[in-house]
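Q: Please explain the terms applied to the ligand and its surroundings, setting each value against its definition.

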Amino acid sequence: MTARQDDAATPAAPDVKASPDRLYGRHRGHPLRPRQQRLLDLTLPRLRLDPSVLADPARGFGRSPSELWLEVGFGGGEHSLAQHAAHPDVGYIASEVFENGMCSLLSRLVPDGQEGTAPVPDLLRLWDEDARALLRALPEQSIDRMFLMFPDPWPKARHAKRRFVHPATIQLVARVLKPGATWRVASDDPTYQAWVEEVMGAQDLFDTAPPATERPEGWPPTRYEAKALRAGRQPLYWVFTRR
Ligand SMILES: C[S@@+](CC[C@H](N)C(=O)[O-])C[C@H]1O[C@@H](n2cnc3c(N)ncnc32)[C@H](O)[C@@H]1O
């Protein structure tokens with residue numbers, strides 16, 4: 001079956017409305033400090049994935065990447081930066097809509113006072129809008145690996161349509177992933193964990209396997225994971241493989 005045929009197939013999914021293209025949650029936290037404002041004004045534009053190259057995203061990097069990986073909702077950026085450091089030939093697209101999270105990642109890349117001048121990585125690019133818009137704009141079968149680490153759980157049933165793992169969104173994910181590409185998902189929220197099992201158990205775009213209960217090797221830790229472990233919650237770690 002081709003990817004396009006797959007796209008047309010609607011998985012026998014839980015009975016929820018299609019995910020609307022609307023973002024929930026915070027975009028902005030505390031007022032930005034001057035350093036944070038400089039990071040957004042001077043550093044982010046040098047790292048932002050150029051929307052004009054989305055039809056051929058490899059062109060958006062400072063040099064030619066071996067593969068393209070995409071992280072949705074990087075939070076403070078620990079996982080993105082660790083993956084980028086561990087895989088220096090991969091083109092890494094890291095997305096986050098929360099400004100303070102974006103500042104947190106940027107602050108680890110450039111020293112204070114050098115926001116507009118310090119060199120920035122060739123193979124890291126940032127997307128500061130809704131990751132679903134990026135998924136729609138990227139070509140079919142263009143991404144080799146994707147990460148969704150501890151997404152906002154939206155535990156109330158009436159908010160299920162806000163969850164990133166969603167029957168509508170997994171079709172966007174499936175469209176951009178190459179056959180055999182993996183999608184890593186982690187969550188510590190029991191409602192979300194059950195939801196992932198339900199949604200992914202009802203689709204035929206990805207091969208599924210039972211989740212790990214220990215963080216697998218090669219999965220750098222994240223801030224939310226650390227919070228979950230401190231609070232005694234049990235994270236689950238899935239790997240879904242695009243058919
Ligand atoms: C619970 S936090 C987890 C952050 C990080 N992955 C971690 O494990 O520490 C989820 C993050 O996803 C971001 N987010 C939610 N929906 C998003 C979307 N559609 N596109 C990009 N980022 C999104 C939120 O702003 C938030 O920072």
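Q: Which residues come nearest to the ligand, and what makes a residue count as near?
A: Gly 73, Glu 96, Asp 130, Met 149 and Thr 222 come nearest among the 16 residues around the ligand. A residue is near a molecule if one of its heavy atoms lies within 4 Å of it. This is a predicted model, in which local features need pLDDT of at least 70 and side-chain atom pairs count only at pLDDT 80 or more, while totals for chains, interfaces and linings use all residues. Residues are numbered from 1 along each chain as its sequence is written, and side-chain values use heavy atoms, with hydrogens and water left out.

Q: What makes the pair formed by Glu 96 and an oxygen atom of the ligand a polar contact?
A: A polar contact is a pair of N or O atoms within 3.5 Å; within protein, one must be able to donate a hydrogen and the other to accept it, and residues adjacent in sequence count only if both atoms are side-chain atoms. A polar side-chain atom of Glu 96 lies 2.5 Å from a ligand oxygen atom, so the pair meets the cut-off. Thr 222 places a polar side-chain atom 2.7 Å from an oxygen atom of the ligand, and Asp 130 places one 2.9 Å from a ligand nitrogen atom.

Q: How is the shell around the ligand composed by class?
A: The shell has eight nonpolar, four polar and four charged residues. Asp, Glu, Lys and Arg count as charged, Ala, Val, Leu, Ile, Met, Phe, Trp, Tyr, Cys and Pro as nonpolar, and the others, Gly among them, as polar.

Q: Why do the residues Lys 156, Asp 188, Thr 222, Arg 223, Tyr 224 and Glu 225 not all gather at one spot?
A: UniProt lists these six under "binding site" in an unreviewed entry, and such annotations may be inferred rather than shown by experiment. They do not all gather at one spot, because the farthest two C-alpha atoms are 23.9 Å apart, over a span of 70 residues in sequence.

Q: Which other residues does UniProt list for "binding site", and how do they cluster?
A: The unreviewed entry gives Glu 71, Glu 96, Asp 130 and Asp 152. They spread over 82 residues of sequence, yet cluster in space, with a largest C-alpha distance of 14.1 Å.

Q: Where is Asp 130 placed?
A: Asp 130 is in the loop between strand E3 (124–127) and helix H5 (131–137); helices (H or I, at least four residues) and strands (E, at least two) are DSSP runs, numbered from the N terminus.
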